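Student: I'd like to learn how to read a model like a biochemist rather than just spin it around. Can you walk me through some features?
Tutor: Sure, let's pull it up.

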Amino acid sequence: MGRRLQTAAALTCMKICLMVFNFIFWLTGIGILVIGVWMKVSLYQFLQLSDEYNNSAPYVFIGTGAAIIVVGFLACCCTVKGKPSLLYLFSCFLALVFMLELGAAISGYIFRGKLHAGFKYGLKDALNKYKGSDNLHDKDLDRLQSTLHCCGVFNYTDWFHTAWSEKAEAVPPSCCKTLKNCNNTPLTNVTHIFHQGCYDKVTKFVNENLTAIGGGAVAIACFQLLGVILSCCLAKNVNKAKYEPVA
């Protein structure tokens with residue numbers, strides 16, 4: 001009977017630990033979902049200016065976050081019921097997500113160099129195709145310059161050699177610090193515009209955000225190993241308690 005009580009206490013302790021893990025795991029799913037939505041709404045307008053950017057990236061985060069939220073809720077039910085088969089299935093899912101997140105973080109770090117090169121060509125192409133209209137392409141470039149306080153690819157003089165400028169010394173209104181008395185077409189006072197190019201600023205902005213996202217993904221992936229261990233231990237002890245003799 002003493003061993004049975006010890007096993008019951010161990011099961012209760014592991015169930016509580018796994019429930020706490022499931023709750024935190026569920027919160028990480030919400031976090032990943034929010035990151036995916038943020039990438040699609042805010043970061044996307046910068047990332048899509050790179051020739052190397054994959055448009056499906058935000059949807060991967062959104063889909064992964066939604067899946068974790070659903071599985072995290074179902075995992076709580078599995079923990080309460082204490083079904084070994086469901087617990088082993090949950091641990092397999094955690095192991096799979098761990099490998100996917102770790103692989104995505106490593107791939108993102110390696111891919112970062114290509115993303116930088118893609119920004120250089122993407123920004124040059126954006127300037128050459130700029131027409132000063134209300135189309136989506138021009139809006140993204142204008143939003144980039146006004147948000148990051150930059151102008152041109154490497155500096156504001158890049159605009160002087162574009163088709164939009166028509167070989168005149170002119171820059172778009174989005175390069176102006178303030179629209180009042182900017183005199184940007186033609187440019188008569190450089191103190192009224194942003195001087196730094198967008199390439200350095202956008203790569204720094206993306207680096208900081210991707211580093212934070214990648215670091216978070218690695219931390220979440222490592223945390224999931226704890227869930228694998230807890231769920232497997234609980235499943236093993238449930239089976240042990242089921243077949244352990246009373247005497």
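Student: Let's start with Cys 150: is this residue buried or exposed?
Tutor: Keep in mind that this is a predicted model. The general idea is that a residue with under 20% relative accessible area is called buried. Cys 150 has a relative accessible area of 0%, so this cysteine is buried.

Student: Which residue does Cys 150 form a disulfide with?
Tutor: To call a disulfide, look for two cysteine sulfur atoms within 2.5 Å. The sulfur atoms of Cys 150 and Cys 198 are 2.1 Å apart, and the two form a disulfide. That pair links distant parts of the chain, 48 residues apart: Cys 150 is in the loop between α4 and α5, and Cys 198 is in helix α5. Cys 198 is buried too, because its relative accessible area is 1%.

Student: What is the handedness of the disulfide between Cys 150 and Cys 198?
Tutor: For that you check the torsion about the S-S bond. Here the torsion is about 90 degrees, so the disulfide of Cys 150 and Cys 198 is right-handed.

Student: How many disulfides does the structure hold?
Tutor: Three. Another of them joins Cys 151 to Cys 175, with an S to S distance of 2.2 Å. Its torsion is about 85 degrees, so the disulfide of Cys 151 and Cys 175 is right-handed. Both cysteines lie in the loop between α4 and α5, so the pair ties together parts that are 24 residues apart in sequence. Cys 151 and Cys 175 are both buried.

Student: And what about Cys 176 and Cys 182?
Tutor: Those two form a disulfide with their sulfur atoms 1.9 Å apart. The torsion there is about -90 degrees, so this disulfide is left-handed. Cys 176 is buried at a relative accessible area of 7%, and Cys 182 counts as buried at 3%.

Student: What pattern do the disulfides follow?
Tutor: Count the bonded cysteines along the chain and note who pairs with whom. You get 1-6, 2-3, 4-5.

Student: Why is the sulfur of Cys 17 not in a bond with that of Cys 13?
Tutor: Go back to the distance. The closest cysteine sulfur to that of Cys 17 is in Cys 13, 4.4 Å away, so the gap is too far for a bond. Cys 17 counts as partly exposed, at 35% relative accessibility. Cys 232 is in no disulfide either, since you can check that the nearest cysteine sulfur, in Cys 233, is 7.1 Å away. Cys 232 counts as partly exposed at 27% relative accessibility.

Student: Can we do a residue that isn't a cysteine? Where does Thr 162 lie?
Tutor: Place a residue first, then check its cover and its contacts. Thr 162 lies in the loop between α4 (136-148) and α5 (198-243). Its relative accessibility is 5%, so Thr 162 counts as buried. Leaving out residues up to four places away in sequence, Thr 162 touches Leu 127, Asn 128 and Lys 167.

Student: Now the core. Which residues touch the most other members of the largest nonpolar core?
Tutor: In soluble globular proteins, nonpolar side chains tend to be buried together. In this model the largest nonpolar core has 26 residues, and Leu 123, Leu 141, Leu 144, Trp 159 and Val 171 touch the most other members. Helices α3 (84-129), α4 and α5 each supply at least two residues of this core. Take Leu 123: setting aside neighbours within four places in sequence, its contacts include Leu 49, Val 153, Cys 198 and Tyr 199. There is also a second, separate core of 20 residues, with Met 14, Leu 18, Ala 75 and Val 238 among them.

Student: How do I spot residues that are far apart in sequence but meet in space?
Tutor: Compare the sequence gap with the C-alpha distance. His 116 lies in helix α3. His 116 and Thr 203 are 87 residues apart in sequence, with 6.4 Å between their C-alpha atoms. Not counting residues up to four places away, His 116 touches Tyr 199, Thr 203 and Asn 207.

Student: Last one: which residues form the nonpolar patch on the surface?
Tutor: Here you look for nonpolar side chains that are left uncovered and sit together. The patch is made of Ile 16, Val 20, Phe 23, Ile 24, Trp 26, Leu 27, Val 70, Phe 73 and Leu 74, with about 840 Å² of accessible area together. Both α1 (2-47) and α2 (57-81) supply at least two residues, and α1 gives the most, with six. Ile 16 is in helix α1, and this residue is exposed, with a relative accessible area of 52%.

Notes
Residues numbered from 1 in each chain as written. Predicted model: local features only at pLDDT ≥ 70, side-chain atom pairs only at ≥ 80, totals over all residues. Heavy atoms only, no water. Helix = DSSP H or I, 4+ residues; strand = E, 2+ residues; numbered from the N terminus. Buried < 20%, exposed > 50% of the residue type's maximum accessible area, 1.4 Å probe, protein only. Contact = heavy atoms within 4.5 Å. Core = buried A, V, L, I, M, F, W, Y, C linked by side-chain atoms within 4.5 Å. Patch = residues over 30% accessible without salt bridge, like charges linked within 9 Å, V, L, I, M, F, W, Y side chains within 5 Å. Areas by Shrake-Rupley, 256 points an atom, 1.4 Å probe, with all protein chains shown as cover. Salt bridge = Lys/Arg side-chain N within 4 Å of Asp/Glu carboxyl O.
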